[in-house]
Amino acid sequence: MSSVRVLVGTRKGAFILTADGKRENWDVSGPHFAGWEMYHLKGSPADPNRIYASQSSSWSGQIMQRSNDGGKTWETVGNKFVYEGVPGTHQWYDGTPHPWEFKRVWHLEPSLTDPDKVYAGVEDAALFVSNDGAQTWQELSGLRHHGSGPHWQPGAGGMCLHSIIQDPSNLDRMFIAISAAGAFRTDDAGKTWRPINRGLRSQYIPDPEAEVGHCVHHIAMHRARPNVLFMQKHWDVMRTDNAGDSWQEISGNLPTDFGFAIDVHAHEPDTIYVAPIKSDSEHFVPDGKLRVFRSRTGGNEWEALTKGLPQANCYVNVLRDAMAVDSLDECGVYFGTSGGQVYASANAGDSWTPIVRDLPGVLSVETQTLP
Amino acid sequence: MIRVELPPHLRGLAHVSGEVKLDIQGVATQRSVLDALEERYPMLRGAIRDHITQKRRPFLRFFACGEDLSHEQPDAPLPAAVASGAEPLLIVGAIAGG
């Protein structure tokens, strides 16, 4: 019988949650790396026993971990992230030049085909790749050396590269997103990049329709339809049907279109999920109700999914990498909260149950569907 | 023989308990001790001092014999009591954060 492994990164360690295909009874393993911030863990699609993890702390910086046995044991791997060439400057919050400084790895994206190849999105925003199982890292500097680089500015959480999406139909094409520069696409395996932000409108920047400067929070794709991307921006939920050449707003009837997380159903490319957050100054769910919203029409028409979720006195956040889906026949949906809950739905969001309620604040949730 | 006491989270990272004991060739300095420490425990590279600048991470400090050695030059000799193994070199994490 198939099973599911849920990889949870929290502010004080990592947890691995496993269940069989029914997704009713869960085994909880952890904390792994107790006391450390675990920004992200992700398994290799080419070898599910290979998992990469980003471990960090304010005291000791960035540590990288790798497992070859599905998270039972771990080994420390390379943590040397060096910007290629002279790092140069980007803009600081006040618009003054600020040197590029490596701070941490926000997101790990293992290759679709090679377990030893993995991409890392880092703060200050840059994309790195390893071809030796994360022992050594090289910057794909064409992104940072895009002409707009000196004008990028950090979002409130730092200038992070937080989303990396590979096109399964064209391994030379990849999408990334940076807070607060925007989304970018490469069509030559990372050598050169173009901003793909036409159609985004951000009232909080000097030119609301600028080529770069948008605070994109997360993007998601269904692997069967790689030209369609969905985006949760600082405000606005957006969609592109042409690989980012232009975007349209699909916020529709959402109670608020601010948020961080967005994901796509594993088998229905037009079914998407968001977790609306009240506002950029109040990072919690609106009206004290924890609601995931689902659109079965690719956006604009949204339904609140509430069964099993607290509908009073709830004031948690759902961060950008803290939602994921599995690929079992009936798609499972998962998300983690700043309050330490990880909720699961084994029926595409119709109803939810907490797997765990009392973890440290959840930073990331990823799934692996195992045969 | 030099004794080094790591903060708890770095003991966990290096999979050690208690003090670390290191043999140092030549003069015992912050640099030579950290070089030997990282040679024995490669997972600590980058966790105590920056990979590139080799500067001490801001939230870690070095103490020995009741003195703060954090701002000593990396090639300055460590106190004789540390060099002889009578006293440990303490690597201490700041009491900060949540």
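1. Let us start with chain B, whose elements follow the pattern β-α-β-α-β-β-α-β when read along the sequence. That makes three helices and five strands. Please keep in mind throughout that this is a predicted model.

2. How does chain B compare with a compact globule in its radius of gyration? With 98 residues, a compact globule would come out near 13 Å, and chain B has 12 Å, which agrees. Its C-alpha atoms fill a box of roughly 35 × 25 × 25 Å along the principal axes. Of the 98 residues in chain B, 26% are buried. If you take the contacts in chain B between residues at least 6 apart in sequence, 55% of them join residues at least 24 apart.

3. Now turn to chain A, which has zero helices and 30 strands. For its 371 residues, a compact globule would have a radius of gyration near 21 Å; the value for chain A is 19 Å, which agrees. The C-alpha atoms of chain A fill a box of roughly 50 × 45 × 40 Å, again taken along the principal axes. Buried residues account for 53% of the 371 residues of chain A. Among the contacts in chain A between residues at least 6 apart in sequence, 49% join residues at least 24 apart.

4. A good place to begin looking at the strands is the open sheet with the order β4-β5-β6-β7 in chain A, where the pairing is antiparallel. Its edges are β4 (37-43) and β7 (75-77) of chain A, each of which pairs on one side only. Neighbouring strands here are turned by 30° against each other on average, direction ignored. Within this sheet, three bridges hold the antiparallel pair β6(A) and β7(A), and A:Met64 stands opposite A:Val77 in β7(A).

5. Where do the two chains meet? The contact involves 13 residues of chain A and 14 residues of chain B. Strand β6 (residues 61-67) of chain A supplies three residues, the largest share of the side of chain A that touches chain B. By class, that side has four nonpolar, eight polar and one charged residues. It is worth pausing on β6 here, as this strand also belongs to the open sheet β4-β5-β6-β7 of chain A.

6. Further along chain A, have a look at strands β15, β16 and β17. β15(A) and β16(A) form a hairpin with two residues between them. Strand β15 (residues 174-179) pairs with β16(A) in the antiparallel sense over five bridges, and A:Phe175 stands opposite A:Arg185 in β16(A). β16(A) also pairs with strand β17 (residues 194-195) of chain A, antiparallel and over two bridges; there, A:Phe184 stands opposite A:Pro195 in β17(A). Is strand β16 (residues 182-186) of chain A mostly covered or mostly open? It is mostly covered, with four of its five residues buried.

7. Why can strand β18 (residues 216-221) of chain A be called largely enclosed by the rest of the structure? Six of its six residues are buried, so the description follows. β18(A) is joined by five bridges to strand β19 (residues 229-233) of chain A, and the two run antiparallel. One facing pair to find on screen is A:Met221 and A:Leu229, the latter in β19(A).

8. A single residue to try next is A:Arg239, which sits in strand β20 (residues 237-240) of chain A. Is A:Arg239 buried or partly exposed? A residue needs 20 or more other C-beta atoms within 10 Å to count as buried; A:Arg239 has 19 and is therefore partly exposed. Leaving aside residues up to four places away in sequence, A:Arg239 touches A:Val228, A:Phe230, A:Trp247, A:Gln248, A:Ile250, A:Gly298 and A:Gly299. By contrast, 27 Å separate the C-alpha atoms of A:Arg239 and A:Thr113, which are 126 residues apart along the chain.

9. Finally, another open sheet in chain A has four strands in the order β22-β23-β24-β25, with antiparallel pairing. The edge strands are β22 (258-264) and β25 (303-305) of chain A, each pairing on one side only. On average, neighbouring strands of this sheet are turned by 30° against each other, direction ignored. Strand β24 (residues 292-295) of chain A is joined to β25(A) by three bridges, and the two run antiparallel. To locate this pair, look for A:Phe293, which stands opposite A:Ala304 in β25(A).

How values were computed:
Residues numbered from 1 in each chain as written. Chains lettered and ligands numbered in written order. Predicted model: local features only at pLDDT ≥ 70, side-chain atom pairs only at ≥ 80, totals over all residues. Pairing = 2+ DSSP bridges. Axes fitted to C-alpha atoms, helices over the stretch in contact; angles between N-to-C directions. Contact = placed C-beta atoms within 7 Å. Nonpolar A, V, L, I, M, F, W, Y, C, P; charged D, E, K, R; others polar. Buried ≥ 20, exposed ≤ 12 C-beta atoms within 10 Å, placed from the backbone. Rg over C-alpha atoms; globule rule 2.2 N^0.38 Å.
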